[in-house]
Amino acid sequence: MTKKIVVVGTSRGIGKALVDLFAQNEHHEILALGRNLGKMKSNFEQYSNVTCKDLDLSRSDVREACEEVFQDLNRIDILVNNAGFLVNKPFDQLTHHDLTESYQVNVIGVMETVQAALPKMTESHIVNISTIGGFQGSVKFPGLTAYSTSKAALCSYTELFAEEFKETYIKMNCLCLGAAQTEMLEAAFPGYQAPVSAEKMAEYIADFALKGHQWMNGKIIPVSLSTP
Ligand SMILES: NC(=O)c1ccc[n+]([C@@H]2O[C@H](COP(=O)([O-])OP(=O)(O)OC[C@H]3O[C@@H](n4cnc5c(N)ncnc54)[C@H](OP(=O)(O)O)[C@@H]3O)[C@@H](O)[C@H]2O)c1
């Protein structure tokens, strides 16, 4: 059956790899979103089942922007909230903008994307992409306060959404990723070599997005080779 899939944050890294994977199945129709339209169009020009549209989660009117972007879709089966903003700075140097941008892109922008998507959803799976650093009890790293606390809020949001929508067929889960080799990882841990590529991480996420809601709702799942 055709799946209508929306992925946010697809210019590079895991989001780009996700669209590449979904696009392999000609029955899937994918809407690739992000703020770098030129890059996305050149990433996905070879796929007839991928449409690219502009969406910047740092705007104050994400809900309205998404309503416009979703206009041509009659339904959304899968929404992957993959876009993320990371600032790596000692806590006492974080500016007001660093804090608000982190929460705007990683939390508020995601919530408003979901608000706009809801009227298009009946039996749907929303997958939020968080980090292992936002998972309670995991190892924490200096410099990532704005990023990891905002991703922890995304985890909490997942549980609250699932409670509020438990009588529906709209399911939401949250994946807390460990290190995957991308530009964001390089910004967080310069020089560190991740054990997993963006493509390999995308394989897990794509499979989970297609099937995970058959078994789970409101779950916060660590996807990481590190312990704890
Ligand atoms: N890589 C890791 O080790 C790792 C670990 C844990 C969690 N994660 C999470 O996994 C997700 C993907 O990360 P990644 O490593 O692939 O990062 P990445 O290579 O930095 O890619 C991030 C993507 O998000 C987009 N984005 C950033 N700000 C945006 C905004 N305001 N509006 C719309 N799109 C925006 C970027 O687009 P632009 O090109 O426009 O900047 C880019 O396409 C993120 O949510 C991240 O927090 C990654």
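## Elements around the ligand

Four elements each supply at least two residues of the ligand shell in this predicted model. They are helix H1 (13-23), strand S5 (123-131), helix H5 (145-164) and helix H6 (183-188).

The shell holds 28 residues. Ser11, Arg12, Asn82, Tyr147 and Thr182 are the closest. By class, the shell residues divide into 12 nonpolar, 11 polar and 5 charged.

## Polar contacts and cover

Two side chains place polar atoms by ligand oxygens. For Arg12, a polar side-chain atom lies 2.5 Å from an oxygen atom of the ligand. For Thr182, the distance from a polar side-chain atom to a ligand oxygen is also 2.5 Å. Leu57 contributes through its backbone: a polar atom there is 2.9 Å from a ligand nitrogen.

On its own, the ligand has 890 Å² of accessible area, and the protein covers 95% of it.

## Cysteines

The whole structure contains 0 disulfides. Cys66 is in none; its nearest cysteine sulfur belongs to Cys52, 15 Å away. Cys66 is buried, at 0% relative accessibility.

Which cysteine sulfur is closest to that of Cys176? The sulfur of Cys155 is, at 3.6 Å. That is too far for a bond, because a disulfide here requires sulfur atoms within 2.5 Å. Cys176 also counts as buried, with 0% relative accessibility.

Note on methods:
Residues numbered from 1 in each chain as written. Predicted model: local features only at pLDDT ≥ 70, side-chain atom pairs only at ≥ 80, totals over all residues. Heavy atoms only, no water. Near = heavy atom within 4 Å. Polar contact = N/O pair within 3.5 Å; in protein donor to acceptor, adjacent residues only side chain to side chain. Areas by Shrake-Rupley, 256 points an atom, 1.4 Å probe, with all protein chains shown as cover. Nonpolar A, V, L, I, M, F, W, Y, C, P; charged D, E, K, R; others polar. Buried < 20%, exposed > 50% of the residue type's maximum accessible area, 1.4 Å probe, protein only.
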